[in-house]
Amino acid sequence: MNRAFSRKKDKTWMHTPEALSKHYIPYNAKFLGSTEVEQPKGTEVVRDAVRKLKFARHIKKSEGQKIPKVELQISIYGVKILDPKTKEVQHNCQLHRISFCADDKTDKRIFTFICKDSESNKHLCYVFDSEKCAEEITLTIGQAFDLAYRKFLESGGKDVETRKQIAGLQKRIQDLETENMELKNKVQDLENQLSITQVSASPVSNVTPKSPSTDIFDMVPFSPISPQSSVPTRNGTQPPPVPSRSSEIKRDLFGAEPFDPFNCGAGDFPPDIQSKLDEMQEGFKMGLTLEGTVFGLDPLDSKC
């Protein structure tokens, strides 16, 4: 995994794993907003985004608008941005979609992270004013990301490759089923043609509807089908019954029902979950870069 926790060497994690796994860590901050960026990582990328959003906030401040306050809830399930009064979720940023997180060393209040939007797949940069705890929030997001990645590997992550192999095997079984059906149909056609040929070549006197013909031991041959639908052959034996199409479709090459990995147990993932697992695997492999950087911008007015 390509991670770059640049301050993990000289900084310990802020919280216990249980606090982020079973609960969440709340922080209060002011939300400057979010803006689209071209790259998922980079100091220059977030510097431009912060400059843009700060400028926009200064304009809104001159118009009498205040920076809205939000509550951040950080856990292994993501970073939620909520209204502090109503607790309504405004944004829900999943950790595997967050690729870059940085705080401003010249302004202890400003921190930002880049997250890939789940609907548009665009990279958005979120910027906050956090009252001198920007570094702590950055490290908390890094710790949550680390724990979430480990949990992913211990659960669904291990099944991603296995699920792909099962899907390949399922396709192979379906191909064999199709081939088996084609062979069965050809055999049945040959049997039907042979039966018609034998009936045409048989003497009329041998076909007596009231008195069934006997075999060489003067025994009436056993037929699994009704006499009305049976057609005796030259030696008095009956052709094999025609298997129904519905039963053939449900049977594979070995006479068993075809294997469906999506219906073989409660522990398996349905197809929609499989795509989410693939997405999470890709996101975690990209990694999260934590960085303390110097934005070099004018700090916001603390009274706004």
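**Entry 1: strand 8 and its partners**

I looked up the pairing of strand 7 (residues 110-116) with strand 8 in this predicted model and found the antiparallel sense, over seven bridges. Within this pair, I110 stands opposite D129 of strand 8. I then turned to strand 2 (residues 25-37), which also pairs with strand 8 in the antiparallel sense, over seven bridges. There I noted S34 opposite Y126.

I next asked how many residues of strand 8 (residues 123-129) are buried. The count is seven of the seven, so I recorded the strand as largely enclosed by the rest of the structure. Burial holds on both faces: H123, C125, V127 and D129 lie on one side, and L124, Y126 and F128 on the other. I set beside this the general rule that side chains in a regular strand alternate between the two faces of the sheet.

**Entry 2: positive phi values**

I examined the hairpin of strand 7 and strand 8, which has six residues between the strands. N121, in the loop between them, has a positive phi of about 60° although it is not a glycine. With a relative accessible area of 43%, N121 is partly exposed.

I found K87 in the loop between strand 4 (78-82) and strand 5 (89-93). Its phi is positive, near 65°, and K87 is likewise a residue other than glycine. I also noted G64, just after helix 2, with a positive phi of about 90°.

**Entry 3: salt bridges**

I searched the whole structure for salt bridges and obtained nine. In one of them the side chains of E71 and K87 meet at 2.4 Å, N to O. This pair links distant parts of the chain, as E71 is in strand 3 (residues 69-75) and K87 is 16 residues away in the loop between strand 4 and strand 5. Are the two partners buried or exposed? E71 is buried at 7% relative accessibility, whereas K87 is partly exposed at 42%.

I checked D146 and R150 next, and their closest N and O atoms are 3.2 Å apart in a salt bridge. Both belong to helix 3 (residues 134-154), and because they are four residues apart, about one helical turn separates them. D146 is buried, with 3% relative accessible area, while R150 is partly exposed at 47%. Elsewhere, salt bridges that share partners join K54, D107, R109 and D129 into one network.

Within that network I looked at R109 and D107, whose closest N and O atoms are 3.4 Å apart. R109 counts as buried at 11% relative accessibility, and D107 counts as buried at 6%.

**Entry 4: helix 2**

I compared the length of helix 2 (residues 43-62) with expectation: its 20 residues should span 28 Å at 1.5 Å a residue, and the end C-alpha atoms are 29 Å apart, which agrees. Buried residues in helix 2 include V46, A49, V50, L53 and K54.

**Entry 5: H15**

I located H15 in the loop between strand 1 (4-5) and helix 1 (17-21). H15 is buried, with a relative accessible area of 19%. Its side chain makes a polar contact of 3.1 Å with the side chain of T140. Among the other residues that H15 touches, I listed I25, Y27, E136 and Q143.

**Entry 6: confidence**

I recorded a mean pLDDT of 76 for the chain, with 64% of residues at 70 or more. Over residues 226-231 the pLDDT is below 50, and this stretch has six contacts beyond near neighbours in sequence. Residues 1-10 also stay under 50, yet the model gives them 31 contacts beyond four places in sequence.

Conventions. Residues numbered from 1 in each chain as written. Predicted model: local features only at pLDDT ≥ 70, side-chain atom pairs only at ≥ 80, totals over all residues. Heavy atoms only, no water. pLDDT = per-residue confidence, 0-100. Contact = heavy atoms within 4.5 Å. Helix = DSSP H or I, 4+ residues; strand = E, 2+ residues; numbered from the N terminus. Expected span 1.5 Å × (residues − 1). Buried < 20%, exposed > 50% of the residue type's maximum accessible area, 1.4 Å probe, protein only. Pairing = 2+ DSSP bridges. Polar contact = N/O pair within 3.5 Å; in protein donor to acceptor, adjacent residues only side chain to side chain. Salt bridge = Lys/Arg side-chain N within 4 Å of Asp/Glu carboxyl O.
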